[in-house]
Amino acid sequence: MTATTRQKILITGASSGLGAGMARRFAAQGRSVALAARRLENLRTLADEIRPSAAQVALAQLDVTDVGAVPVVFGQLADELGGLDRVIVNAGLGKGAPIGTGKAAANIETVQTNLVGALAQAEAALEIFRAQNAGHLVLVSSISGVRGMPRAQAAYSASKAGLTALGQGLQAEFANSPITVSIVAPGYIETDINRGVKTSLMVDTDKGVDAMVKAIEAEKSWAPVPAWPWTPIAAALKYLPASVSRRFV
């Protein structure tokens, strides 16, 4: 199966930011789109916007930390679209605080959403893909998952590193099979998570969404986005001393 045949696409975290942007891009291409997120009213507004161009639009309210609800919702959306060709595990949380400063709840919630919730989504998606013997699983990680980051990003980067490792394990398992697994690693893209970050490396949401869709359609195993400058930065981060790498926070 090639990228052009991925007609039935489920996106989590679709109520805003990159998730909503990707839904708009795929709908504009006439594909069927399933939307899942916590904010149901936002999903309904987005669904009304993209229905005229999409082949189909399905939506469901979902909190990915409710791990029991994830397979139920994925199954309902798959039934509504008549199967799923691609699942984009995009739901994520950017809360965080320096560890040991009395704000453990924010860090724990971040890990529960970005790693435990993502694992629940991968479980649900791959159960569908195994039954179909086909599918494309996309895990939206982060450049922050390449190297442990300090201060308020510590738990976030740990959650994304775990997600990347999960994707690498699945890639090894499904190598040379009809099931494809991609890890997409955004750098600084203007979204709610990055609001307030001051850096010359930030790109606007539209450019970020374009880069995300391009990487997903290429079905690469590992894709920093935008490719420039994040491909060389990701490679360098593994080896830079901490005094240098912390400047990217």
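**Buried residues, packed helices and unusual backbone angles**

Trainee: In which helix is the place of S157?

Mentor: We are looking at a predicted model, and each answer should be read with that in mind. If you follow the chain through residues 154–173, you pass along the helix that holds S157, and this helix is α5.

Trainee: Is S157 buried or exposed?

Mentor: A residue counts as buried when its relative accessible area is under 20%. The relative accessibility of S157 is 2%, and S157 therefore counts as buried.

Trainee: Which backbone atoms lie 3.1 Å from a polar atom of the side chain of S157?

Mentor: Beyond its neighbours within four places in sequence, S157 is in contact with S144, G145, R147, G148 and M149. M149 also supplies one of the atoms you ask about, since its backbone nitrogen lies 3.1 Å from a polar atom of the S157 side chain. A154 supplies another at 3.1 Å, and so the atoms to name are the backbone nitrogen of M149 and the backbone oxygen of A154.

Trainee: Leaving aside its neighbours within four places in sequence, with which residues is T164 in contact?

Mentor: T164 also lies in helix α5, and it is buried, with a relative accessible area of 8%. Once the neighbours within four places in sequence are set aside, the residues in contact with T164 are S141, I183 and W222.

Trainee: At roughly what angle do the axes of α1 and α6 cross?

Mentor: Two packed helices are described by the distance between their axes and by the angle between them. Helix α1 covers residues 17–28, and its axis comes within 9 Å of the axis of α6. The crossing is right-handed, and its angle is roughly 65°.

Trainee: How many nonpolar, polar and charged residues does the contact of α1 with α6 have?

Mentor: On the α1 side, the residues are L18, G21, M22, R25 and F26, and they meet residues of α6 that include V209, D210, M212 and I216. Sorted by class, the contact has seven nonpolar, two polar and four charged residues.

Trainee: Which residues form the one aromatic pair found in the whole structure?

Mentor: The search of the whole structure finds one aromatic pair, which is edge-to-face, with 5.7 Å from centre to centre and 70° between the planes. It links distant parts of the chain, 42 residues apart, with one partner in the loop between β6 and α6 and the other in helix α7. One partner is buried at a relative accessible area of 9% and the other at 2%, and their names are Y188 and W230.

Trainee: Which peptide bonds are cis?

Mentor: Most peptide bonds are trans, so a cis bond is worth a careful look. One cis bond, with omega near -15°, leads to P226, which lies in the loop between β7 and α7. Another, with omega about 10°, leads to P229, which lies in helix α7. The bonds are thus V225 to P226 and W228 to P229.

Trainee: Which residues have a positive phi although they are not glycine?

Mentor: Most residues other than glycine have a negative phi. One exception, with phi about 60°, is partly exposed at 48% relative accessible area and lies in the loop between α4 and β5. Another, with phi about 55°, is buried at 15% and is found in the loop between α6 and β7. In that order, the residues are N133 and E219.

Note on methods. Residues are numbered from 1 along each chain as its sequence is written. This is a predicted model: local features need pLDDT of at least 70, side-chain atom pairs count only at pLDDT 80 or more; totals for chains, interfaces and linings use all residues. Side-chain values use heavy atoms; hydrogens and water are left out. Rings of Phe, Tyr and Trp (its six-membered ring) pair if their centres lie within 6.5 Å; planes under 30 degrees apart count as stacked, over 60 as edge-to-face and the rest as tilted. Helices (H or I, at least four residues) and strands (E, at least two) are DSSP runs, numbered from the N terminus. Buried means under 20% relative accessible area, exposed over 50%, partly exposed in between (1.4 Å probe, protein chains only). Axes are lines fitted to C-alpha atoms, for helices over the stretch in contact, and angles run from 0 to 180 degrees between N-to-C directions. A crossing is left-handed if the near helix is turned anticlockwise from the far one by less than a right angle, and right-handed if clockwise. Contact means heavy atoms within 4.5 Å. Ala, Val, Leu, Ile, Met, Phe, Trp, Tyr, Cys and Pro count as nonpolar, Asp, Glu, Lys and Arg as charged, and the others, Gly among them, as polar. A polar contact is a pair of N or O atoms within 3.5 Å; within protein, one must be able to donate a hydrogen and the other to accept it, and residues adjacent in sequence count only if both atoms are side-chain atoms.
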